[in-house]
Amino acid sequence: FAAQRHVLTYMEDAVSQLLENREDISQYGIARFFTEYFNSVRQGTHILFREFSFVQATPHNRASFLRTFWRCFRTVGKNGGKYSSICSYLLTAQEYHCLLQLLCPDFPMELTQKAARIVLMDDAMDCLMSFSDFLFAFQIQFYYSEFLESVAVIYQDLLAGKNPNTVIVPTSSSAQHRQRQPPNECNPLEGVEASLFYQCLESLCDRSKYSCPPSALVKEMLANAQRMTFYGFLVALAKDQGINRALGALPDKGDLFLDPAMDQELEKLVAQVSGLSMSGPPSSSRDTANVPVRNSPRINSPWKPLHHRRKMDAESEGSNEETDSSEN
């Protein structure tokens, strides 16, 4: 159970955060720190502003990042924008990457580009995409990244006529040298035989130590196809709502812009801000100063920012000392 839930990963990270921020944590106790840390893991907020290596470290981290990205930026698809007449913003891959970096500053552009290619089917990275199209493509590419790299190897081997029973599970970087072949819709024999392709994927899912989509859903997805291209397989994965439900990070496409819990929190925050602005006449600075400060609800954040803030304070003090000594 501990290995399945990656308990050791979280214990090591918690201890690391404890040691880095021991001066701040000592003010209220170690027990409270561990309580808050594992509460944040349970709530899925522990991945906020963390390094990419931690964000992708476990399936729970990946699902939490997907859910957080959706909840933070779902209004991108809900509100009307200058590029669209159907009440949704259309953004480029670079713009979606900027949104991802707001949550994970070192998020790699390569993953964003791969997700964009599932939607665009080519290398036109400056083309516009809707939020829902990008989100479901990104979910498949991010959550199943190692699985898809293995599938790319299998697909190229089948195209080359190699033994399909020789399934190689690559590392996270070993498949980077294999380029995805763009589909040619004019060729009726494009791709590989779907039944043979599924047999290889089933064997891969049985062997792989990484997250894979349920074999039964993949079989159902390929059942009505005689031949399948790699890009066609990626698009089918991204659009399959059964696989989306099995992953459990995002709602169905029809409910993508509905989040009652988040809407309720936003309404409370707006009400608090409105109450503060109307609690006294704007012309009286004295009355405004006497308005009690209300703490807005905040999400549990990792301890890394505390460490960075303390480091910045130390650097600031050092710069002040240099300024003082130069003046003397």
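Let's start on the inside: Gln139 has a relative accessibility of just 2%, so it counts as buried. Keep in mind as you look around that this is a predicted model. Gln139 belongs to helix α9, which covers residues 131-143. What does Gln139 touch, once residues up to four places away in sequence are set aside? Its contacts are Leu66, Tyr144, Asn244, Leu247, Ala249 and Leu250.

Now hop over to helix α1, residues 7-20, where you'll find Val15. With 34% relative accessibility, Val15 counts as partly exposed, because the partly exposed range runs between 20% and 50%. Val15 also has company at the surface: together with Val7, Leu8, Met11 and Leu19, it makes a nonpolar patch of about 400 Å².

Helix α1 has another residue to look at, and this one carries a charge. Side chains of opposite charge can pair when their charged atoms come close. Asp13 does this with Arg50, forming a salt bridge whose closest N and O atoms are 2.7 Å apart. The pair ties together distant parts of the chain, since Asp13 sits in helix α1 while Arg50 is in the loop between α3 and α4, 37 residues apart. Are these two partners buried or exposed? Asp13 is buried, at 9% relative accessible area, and Arg50 is buried too, at 2%.

Right beside Arg50 in the numbering is Phe49, found in that loop between α3 (30-43) and α4 (52-55). Phe49 has a positive phi of about 65°, even though it isn't a glycine. Its relative accessible area is 43%, so Phe49 is partly exposed.

Back to the charged pairs: the count comes to eight salt bridges. One of them joins Arg32 to Glu36, with the closest N and O atoms 3.0 Å apart. Both residues lie in helix α3, four residues apart, which is about one turn of the helix. Arg32 is partly exposed at 47% relative accessible area, and Glu36 is partly exposed at 27%. Another salt bridge runs from Lys162 to Asp157, where the closest N and O atoms are 3.9 Å apart. Asp157 is buried, with a relative accessible area of 11%. Some bridges share partners, and in this way Asp13, Arg50 and Glu51 are joined into one network.

One last stop is Glu95, in helix α7 (residues 93-103). Glu95 counts as partly exposed, at 32% relative accessibility. Measuring from C-alpha to C-alpha, Glu95 and Thr112 are 9.9 Å apart in space, and 17 residues separate them in sequence.

Note on methods. Residues numbered from 1 in each chain as written. Predicted model: local features only at pLDDT ≥ 70, side-chain atom pairs only at ≥ 80, totals over all residues. Heavy atoms only, no water. Patch = residues over 30% accessible without salt bridge, like charges linked within 9 Å, V, L, I, M, F, W, Y side chains within 5 Å. Areas by Shrake-Rupley, 256 points an atom, 1.4 Å probe, with all protein chains shown as cover. Salt bridge = Lys/Arg side-chain N within 4 Å of Asp/Glu carboxyl O. Helix = DSSP H or I, 4+ residues; strand = E, 2+ residues; numbered from the N terminus. Buried < 20%, exposed > 50% of the residue type's maximum accessible area, 1.4 Å probe, protein only. Contact = heavy atoms within 4.5 Å.
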